[in-house]
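Open the model in your viewer and set it to show side chains as sticks. The stops below are given in the order in which to select them.

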Amino acid sequence: MGEIKILDCFGDICPIPVLKVEKQLQELSKGEQFMLITDHSCVVKSITEKYKNISIEEPMNGVWEITFTKT
């Protein structure tokens, strides 16, 4: 697998990151991944309510990296 695509959503508030995720998922093939980076906890809450095949890390306080895998 090549480099993982990054969606930089710093400063974006809901629903903008969710809309970007939906668009990106449509462009992926099964098994491919991408990462969304956000600095808004409301985005993390919205994403976890809507998507299941994700992994979330908080590498620094208030910044989240959410990795999506298309199923």
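Select Cys-42, which is partly exposed, with a relative accessible area of 35%. Here buried means under 20% relative accessible area, exposed over 50%, and partly exposed in between, using a 1.4 Å probe and protein chains only. This is a predicted model, in which local features need pLDDT of at least 70 and side-chain atom pairs count only at pLDDT 80 or more, while totals for chains, interfaces and linings use all residues. Residues are numbered from 1 along each chain as its sequence is written, and side-chain values use heavy atoms, with hydrogens and water left out.

Add Cys-14 to the selection. Its sulfur is the closest cysteine sulfur to that of Cys-42, at 4.0 Å, which is too far for a bond. A disulfide is a pair of cysteine sulfur atoms within 2.5 Å, and a search of the whole structure finds zero of them. Cys-9 is in no disulfide either; the nearest cysteine sulfur to it, that of Cys-14, is 9.7 Å away. Cys-9 is buried, with a relative accessible area of 0%.

Next, select helix H1, residues 16-27. Helices (H or I, at least four residues) and strands (E, at least two) are DSSP runs, numbered from the N terminus. The expected span of a helix is 1.5 Å times one less than its number of residues. For the 12 residues of H1 this gives 16 Å, and the end C-alpha atoms are 17 Å apart, which agrees.

Which residues of H1 are buried? They are Pro-17, Val-18, Val-21, Gln-24 and Leu-25. Look down the axis of H1: the buried residues fall within an arc of 125°, so they line one face of the helix. The arc is that of the directions from the helix axis to the C-beta atoms. On the other side of H1, Lys-23 and Gln-26 are exposed. Now show what covers the buried residues of H1, which includes strand E1 (5-8), strand E2 (33-38), helix H2 (41-50) and strand E4 (63-69).

Stay with strand E2. Five of its six residues are buried, so E2 is largely enclosed by the rest of the structure. E1 and E2 run parallel and are joined by four bridges; two strands pair if DSSP finds at least two bridges between them. To see one partnership, select Ile-6 and its bridge partner in E2, Met-35.

The aromatic rings come next. Rings of Phe, Tyr and Trp (its six-membered ring) pair if their centres lie within 6.5 Å; planes under 30 degrees apart count as stacked, over 60 as edge-to-face and the rest as tilted. A search of the whole structure finds two aromatic pairs. In the pair of Phe-34 and Phe-68, the ring centres are 4.8 Å apart and the planes are at 5°, so the pair is stacked. Phe-34 sits in strand E2 and Phe-68 in strand E4, 34 residues apart. Phe-34 is buried at 0% relative accessible area, and Phe-68 counts as buried at 1%.

Add Tyr-51: its ring and that of Phe-68 have centres 5.5 Å apart and planes at 85°, so this pair is edge-to-face. Tyr-51 lies in the loop between H2 and strand E3 (54-60) and Phe-68 in strand E4, so the pair ties together parts 17 residues apart in sequence. Tyr-51 is buried, with a relative accessible area of 14%. Ring pairs link Phe-34, Tyr-51 and Phe-68 into a cluster.

Finish at Thr-67 in strand E4. Thr-67 counts as buried at 14% relative accessibility. What is Thr-67 in contact with, leaving aside its neighbours within four places in sequence? The residues are Ile-4, Gln-33, Phe-34, Met-35, Asn-53, Ile-54 and Ser-55, where contact means heavy atoms within 4.5 Å.
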